[in-house]
Amino acid sequence: MKSQRVSVKQAYLLPVGSEITVPGWVRSRRDSKGITFIELNDGSRFKSLQLVVESGTVPDETLRQVTTGSSIAASGVLVDSPAAGQPVELKVAGIELYGTADSAAYPLQKKGHSLEFLREIAHLRVRSNTFGAVFRVRNALTHAIHRFFQERNFVYVQTPIITASDCEGAGELFSVTSLKLGDLPRRSDGEIDWQQDFFGRPTYLTVSGQLEAEIFALSFGRVYTFGPTFRAENSNTPRHLAEFWMVEPEMAFFDLADNMRLAEEFLRFTIRHVLENCREDLEFFNRYIETSVLSTLEHVVESTFGHLTYTEAIQALQDARRTWQFPPEWGQDLQTEHERFLSEELFKKPVIVTDYPKVIKPFYMRVNDDDRTVRAMDVLVPRVGEIVGGSQREERYDVLVQRIREAGLDERAYWWYLDLRRFGSVPHSGFGLGLERMMMYLTGLKNIRDVIPFPRTPGNAEF
Ligand code: ATP
Ligand code: MN
């Protein structure tokens, strides 16, 4: 029989009577009165395709091996389905068996598994309903990100992963070396001789592509980077990974207000794209993970964000008169409990906090006229807290040198960054969106380990 090979997603779009072959993995199997019902899934959409095998159509020896987890290609004809919740099913004429799966050993059974258990089998969890939905949403989100910037003529720039500079000046870096750790070359004073290392100096995995993106913004105007970033913060929270993906647009001639407008437009655009393209997956999250996912997202695409300064935020937190684990105090960074209060309770939508004290923000943020605060902006969303961090950059050479010194950094290491302020400096701004934080917001999942294919966290680098 000559039939066209299609995905489950395509099969649902074909007319009844189509002769097709559908390859995939068996989700479940049930035998009843001479008929075998098989749920076949190939990852193309949330919903599986029901295969109906009447006894005698497929050799017993083959059908016996079609168990949960096995891989097959089923051929047959699409027919109207009498079952609820599916328009069509496949009346099977033949099955090709690719790989069996020992049902006693296969860890994914029909009954639900905890997210914690599934994390331990990251090589198989992608075949579950939850993680199928997660990674289709993640794919749609990354597509939306590129679409948003490409439609606005941003240039995509690939910034390096290995770097010699500590962007934030905050430490928390992973070292990159080819030296033998058990036999480090020493100088006469006993210090490690980095000149003998691969790059002839200490190097690290990047914590951000921003500084290099600024170089490109000062030629192309509008650029973005989108890649992996690394932080050796040993925080072990449900919102931090050691390796995560960051989207970082950087725009010349943008002040903080322009920057905030772009961030808002960007978040609304990407959310709308996912709403339009992943309805089935979001409905699953809404039903089984977090009941407010759909209503929140639909609300956000229609509303503008809240705005307040850091100083106003501290005042509002103090006025709230509740017992905080970390009592809010001017000069201290906002904690997750504060961020969530502002977005979840005070505004009940995403809010942008601006003008943080300069002492708690990196050296590159533009200093305000009050000399106490900087042109920073953080976007906070319900459930997750900080999702975007950004700022207008300091474009004044003298002020920037001063800030680098105050941060205890060596200005010579930043010679090229300072050069950007010597040759054709312009006001410019940018922000960083943590892809996995956005994924938590979109799916309602509460642990960041469940929205990245293979999480890297303290003590965990399996797979
Ligand atoms: P936080 O206070 O939540 O640790 P941050 O202030 O260190 O965040 P930035 O340095 O501004 O964050 O980084 C930009 C964005 O990257 C953040 O808004 C967040 O979405 C994301 N992000 C930061 N650190 C992590 C991490 N360890 N794991 C996952 N995402 C992160
Ligand atoms: Mn952090």
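# Exercises on a two-domain predicted model

The domain assignment splits this protein into domain 1 (4–99) and domain 2 (126–172 + 207–450), with bounds that come from an automatic or database domain assignment. You're working with a predicted model, where local features need pLDDT of at least 70, side-chain atom pairs count only at pLDDT 80 or more, and totals for chains, interfaces and linings use all residues. Residues are numbered from 1 along each chain as its sequence is written, chains are lettered from A and ligands numbered from 1 in the order in which they are written, and side-chain values use heavy atoms, with hydrogens and water left out.

## Exercise 1: the domain contact

Task: work out how far apart the centres of domain 1 and domain 2 are, and how much area the two bury between them.

Solution. Start with the C-alpha atoms: the two domain centres are separated by 45 Å. Next, count who takes part in the contact (heavy atoms within 4.5 Å): eight residues from domain 1 and eight residues from domain 2. Now the area. The size of an interface is often given as the accessible area lost when the parts come together. Here buried area is the accessible area (1.4 Å probe) that two parts lose on being put together, summed over both. For this pair that gives about 700 Å², 42% of it on carbon and sulfur atoms. Finally, look at the domain 1 side: Arg27, Arg45 and Phe46 lose the most area to domain 2, together 75% of what that side buries.

## Exercise 2: the whole protein

Task: find what share of the 463 residues is buried, and how many helices and strands there are.

Solution. First fix the terms: buried means under 20% relative accessible area, exposed over 50%, and partly exposed in between (1.4 Å probe, protein chains only). By that cut-off, 52% of the 463 residues are buried. Then the elements: helices (H or I, at least four residues) and strands (E, at least two) are DSSP runs, numbered from the N terminus. You get 13 helices and 17 strands. As for extent, the C-alpha atoms fill a box of roughly 85 × 60 × 45 Å along the principal axes. One last step on contacts: of those between residues at least 6 apart in sequence, 66% join residues at least 24 apart.

## Exercise 3: two positive phi angles

Task: Asn153 and Asp355 both have positive phi; which is buried and which is exposed?

Solution. Take Asn153 to begin with. Its phi is near 65 degrees, and Asn153 sits in the loop between helix H4 (129–151) and strand S7 (155–156). Asn153 counts as exposed because its relative accessibility is 64%. Now Asp355, which isn't a glycine either, with phi of about 60 degrees. Asp355 belongs to strand S14 (residues 351–357). With 11% relative accessibility, Asp355 counts as buried.

## Exercise 4: helices H5 and H13

Task: list the buried residues of helix H5 (residues 210–220), then say how many residues of helix H13 (residues 435–443) are buried.

Solution. In H5, go along the helix and you'll collect Gln210, Leu211, Glu212, Ala213, Glu214 and Ala217. Their cover includes strand S8 (162–163), strand S11 (222–230), strand S12 (243–252), helix H12 (415–422) and strand S17 (428–434). After H5 comes Gly221, with a positive phi near 85 degrees. In H13, nine of the nine residues are buried, so this helix is largely enclosed by the rest of the structure. Among them are Glu436, Arg437 and Tyr441. Following H13 is Gly444, whose phi is positive, near 80 degrees.

## Exercise 5: three buried residues

Task: find what Val247 touches, what Leu445 touches, and how far Ile352 is from Thr291.

Solution. Val247 is in strand S12 and is buried, at 0% relative accessible area. Leaving out residues up to four places away in sequence, its partners include Ile145, Phe149, Phe266 and Phe431. Val388 is 141 residues away along the chain from Val247, with 9.5 Å between their C-alpha atoms.

Next, Leu445 lies in the segment after H13 and is buried, at 3% relative accessibility. With the same sequence filter, Leu445 touches Leu115, Val134, Phe285, Ile289, Met440, Asp450 and Val451. Leu445 and Leu115 are 330 residues apart in sequence and 9.8 Å apart C-alpha to C-alpha.

Last, Ile352 is in strand S14 and is buried at 0% relative accessibility. From Ile352 to Thr291 it's 61 residues in sequence and 25 Å in space, C-alpha to C-alpha.
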